[in-house]
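Student: Please take one part of this structure and go through it closely. I would like to look at the salt bridges, and then at the empty spaces inside.

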Amino acid sequence: MDGHLQRVELPASLHAALDHPEHLPHAAELMTKQLRGANAAVRELLLALSVGFALPGPLPADLRHKVGRGAVEDLDALVDRAEAAGLLMPDGTVAGPARHALLTVTPTAKIHALQRELVAVFASAGQPLGNLARELARGGLADPRVARELEQAADTALQHDPRLASQLYEEALLAGADPLATAARRAQAAAGDGELDAAARIIDTLLVSTDPPDVRRGMDVAASVWAQRGMLARAADVYNWLGTERVEASAPLAAVALLGAGDLKGAQAFFPPEAPQGSPTLLASALLQTGQGILASLGENPQQGIAVLIHASDLLNSAGAALPLPETPGALAALLALHSGEPHLAETVCRAAVAAGQGGSAAQPRLLLLQAWAAMMQDKPEDARLAATEAAKINHWPLVPRDEFLSAALDVGLARRNGEVPELLRAWDRAREAMLHTSVDLYSLLPWGELLIAASRLRERRRVAHYVDEAWKLLGRLGEPSLWAVPLHWAAVQAALLNESPADLAPHATALAKAATHSHLAAILAAAGKAWVSVLAGRFRPAEVEGAARLLGAVGMPWEGARLAGHAAARADDRRDMMRLLSCARDLHPQGGPAGGATGTPEVPAGTGAEHGGKAQPDASGLSEREKEVARLVLEGKTYREIGESIYISPRTAEHHIARIRRRLGAENRSDLLARLRLALGTDNSPPANPQRLHPRQE
């Protein structure tokens with residue numbers, strides 16, 4: 001036994017090689033030569049520990065037998081010899097370089113045999129492999145027990161950490177898991193981590209199989225991916241392919257997709273009113289009420305749909321489940337509230353859904369963007385920009401096409417309300433590109449309406465004409481549901497006003513008047529449209545205009561109300577009427593007006609005498625505060641029309657202001673006026689990009 005007791009003496013060359021990674025192949029060869037004969041047992045112990053066995057045991061059966069029958073010294077002696085040689089650390093782990101050298105030189109078949117024996121040890125003890133399973137799979141071990149544990153770990157992570165789930169599923173495949181059986185779950189994990197292309201490819205492999213397993217989950221993922229791409233009609237096609245006989249618990253999701261694509265009969269076929277209730281779990285109840293709420297939004301009492309969808313959102317918040325959904329109940333509830341003129345309610349619902357992580361990471365940007373839209377409607381631009389910024393940064397992947405389109409339309413809406421033409425043009429360019437990557441559906445009507453108004457203002461209506469036509473066709477297929485149609489009619493009214501086209505306005509005004517019998521919002525918008533027409537015709541009653549403006553403010557349109565009152569004030573004949581309307585505009589939009597020092601209050605028409613006294617008196621520059629406000633806008637290159645829209649005056653009033661400014665400053669021509677304005681305001685503003693825009697014909 002003396003040979004067994006000899007000390008493991010490692011040459012200095014081996015220690016040097018182990019200390020330098022680039023020399024590890026040489027170290028492996030040296031270690032093979034050194035750990036043989038009497039030291040072979042030490043090598044067997046170190047190899048067992050390198051593949052995952054742990055002291056004090058159990059160890060591989062072959063090593064245990066050798067120790068048991070006395071073929072080698074006892075375990076303690078082997079450990080002492082390995083530690084003395086510097087190959088085994090005090091905590092029982094093999095020194096890193098030595099471990100790498102051993103695994104490099106040992107045949108793969110032997111390593112895998114030891115690993116399978118290790119898995120059996122864990123299984124017999126009823127212990128999970130934990131992270132060892134991941135190491136074994138990445139090391140190339142194919143074993144159904146390892147694959148099964150990794151798959152179970154991935155299933156657990158799927159709801160709360162899709163990125164981890166994706167990694168675990170891939171490792172399970174390395175360990176021998178069935179790629180087809182895991183396809184739907186792998187696609188769900190990929191989609192939840194923002195990998196839409198990867199999810200789509202996985203679903204394609206599922207669909208080409210003759211009898212795809214877990215197909216309902218797979219179709220839910222596919223529908224969610226299409227919806228995020230802004231192609232909800234393809235999501236509807238997915239459920240039509242699945243069929244009513246296989247849809248089961250996904251019936252409410254099918255109804256959401258088909259209704260969004262304009263297929264009411266198809267939605268009712270998948271989710272009839274007498275549909276069974278299913279299990280009473282939080283998740284099942286949330287999905288059930290999602291379907292009921294969206295169908296109710298098209299019924300005789302669409303307001304009921306808001307309450308039902310808010311309940312569904314609350315339930316899904318409580319369930320904490322991150323499912324693949326074409327639309328979350330929180331987003332749908334917010335959309336219904338926005339379409340009903342209740343932006344504060346929409347904002348509240350979205351905040352709660354975001355706080356609860358409703359729908360997982362993939363759903364958060366859309367909820368934040370709808371929250372931003374609600375803030376914009378309430379005339380809270382800073383809150384809107386803050387939520388939009390959070391939406392863009394909340395995930396490690398960029399906004400999906402559907403959310404990018406909503407974000408771009410939000411930028412347009414904020415720029416339009418801010419009155420900054422350069423900002424509006426930049427936002428419009430972004431929106432023009434975003435709209436090319438998406439299509440029209442029921443849940444995107446608000447951004448399309450905003451883009452219709454902006455396009456009319458920028459004389460770019462041809463860019464959106466086709467999409468708006470598609471929106472009207474979709475609403476027609478659904479029977480012109482008032483809750484969904486009214487805001488788009490109002491957008492068309494505003495576009496017609498900007499285009500000064502009574503013929504385009506008439507059908508939409510008629511539609512609003514017709515819907516007013518059962519829609520509070522439609523009644524308010526119809527009255528506002530009528531007031532606008534009377535103001536532009538110069539035949540209006542100030543009390544009616546003020547009432548219409550304040551009602552607009554009450555339904556989440558304070559900016560629109562202030563603009564109506566401001567334009568009416570600019571055309572009022574009586575000074576008391578003018579001041580009353582100006583006060584109304586200030587009440588509704590106190591922080592309005594352009595950036596750069598504007599006062600933010602609607603301008604008083606020239607020649608009324610209302611700007612005499614107080615701050616309105618000219619200072620050393622020779623200009624009153626009101627005239628300075630107009631001058632700043634002139635230096636920004638705005639037209640008469642744009643100046644009027646920025647500070648609530650008519651284009652004619654803006655022209656009068658500029659003429660008076662020219663006289664006060666003694667400017668002889670346009671270039672002279674711009675130069676004198678820069679001196680008067682103490683600014684080094686460069687000339688506007690297009691000085692010709694100051695010409696009266698450009699208003």
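Tutor: What follows goes from the whole chain to the salt bridges, then to the cavities, and ends with one residue.

The model is predicted. The protein has 38 helices and 0 strands. Of its 699 residues, 54% count as buried. The surface it exposes comes to about 29,600 Å², and carbon and sulfur atoms supply 53% of that area. Take the contacts between residues at least 6 apart in sequence: 65% of these join residues at least 24 apart.

Now the salt bridges. Side chains of opposite charge can pair when their charged atoms come close. The structure holds 35 salt bridges. Three pairs and one network are described here.

Start with Lys-66 and Asp-62, whose side chains meet in a salt bridge at 3.7 Å, N to O. Both residues lie in helix H5, which covers residues 61–68. They are 4 residues apart, about one turn of the helix. Are the two partners buried or exposed? Lys-66 has 19% relative accessibility and therefore counts as buried, since the cut-off is under 20%. Asp-62 has a relative accessible area of 44%, so Asp-62 is partly exposed.

The next pair is Arg-229 and Asp-197, with a salt bridge of 2.6 Å, N to O, between their side chains. This pair links distant parts of the chain, 32 residues apart. Arg-229 sits in the loop between helix H14 (215–228) and helix H15 (232–242), while Asp-197 belongs to helix H13 (residues 196–207). Arg-229 is partly exposed, with a relative accessible area of 22%. Asp-197 is also partly exposed, at 45%.

The third pair is Glu-347 and Lys-380, where the side chains meet in a salt bridge of 3.1 Å, N to O. Again distant parts of the chain are linked, here 33 residues apart. Glu-347 lies in helix H22 (residues 343–356), and Lys-380 lies in the loop between helix H23 (364–377) and helix H24 (381–393). With a relative accessible area of 5%, Glu-347 is buried. Lys-380, at 27% relative accessibility, counts as partly exposed.

Salt bridges can also join into a group. Glu-327, Arg-366, Arg-402 and Asp-403 are linked in a network of salt bridges. Keep Arg-366 and Arg-402 in mind, as these two members of the network return below.

Now the empty spaces. Rolling a probe the size of a water molecule over the atoms shows where empty space is left. There are 5 cavities of 30 Å³ or more.

About 210 Å³ of space lies in the largest cavity. Its lining has 19 residues, and the closest to its centre are Arg-417, Leu-446, Glu-450, Trp-490 and Met-557. Four helices give two or more residues each to this lining: H23, helix H25 (401–418), helix H27 (445–457) and helix H29 (482–499). The largest share, 5 residues, comes from H27. By type, the lining of the largest cavity divides into 12 nonpolar, 3 polar and 4 charged residues.

The second largest cavity holds about 100 Å³ of space. Of the 13 residues that line this second cavity, the closest to its centre are Arg-366, Arg-402, Asp-441, Tyr-443 and Ser-444. Arg-366 and Arg-402 are therefore both members of the salt-bridge network and residues close to the centre of this cavity. H25 gives the most to the lining of the second largest cavity, with 3 residues. That lining divides into 6 nonpolar, 3 polar and 4 charged residues.Last comes a single residue, Leu-564, in helix H33 (residues 558–571). Leu-564 has a relative accessible area of 0%, so Leu-564 is buried. Which residues does Leu-564 touch, not counting residues up to four places away in sequence? They are Ala-528, Ala-531, Trp-532, Val-535, Val-545, Ala-548, Ala-549 and Leu-552. The C-alpha atoms of Leu-564 and Cys-584 are separated by 9.7 Å, and these two residues are 20 residues apart along the chain.

Conventions:
Residues are numbered from 1 along each chain as its sequence is written. This is a predicted model: local features need pLDDT of at least 70, side-chain atom pairs count only at pLDDT 80 or more; totals for chains, interfaces and linings use all residues. Side-chain values use heavy atoms; hydrogens and water are left out. A salt bridge is a side-chain nitrogen of Lys or Arg within 4 Å of a carboxyl oxygen of Asp or Glu. Buried means under 20% relative accessible area, exposed over 50%, partly exposed in between (1.4 Å probe, protein chains only). Contact means heavy atoms within 4.5 Å. Accessible areas come from the Shrake-Rupley method with a 1.4 Å probe; for residues, only the protein chains shown count as cover. On a 1 Å grid over the protein atoms alone, a cavity is a set of points where a 1.4 Å probe fits but cannot get out, and a pocket is an open set with protein on both sides within 12 Å along at least five of seven lines; lining residues have an atom within 4 Å of a point. Grid points are joined across faces, edges and corners, and a volume is the space filled by probe spheres set on the points. Ala, Val, Leu, Ile, Met, Phe, Trp, Tyr, Cys and Pro count as nonpolar, Asp, Glu, Lys and Arg as charged, and the others, Gly among them, as polar.
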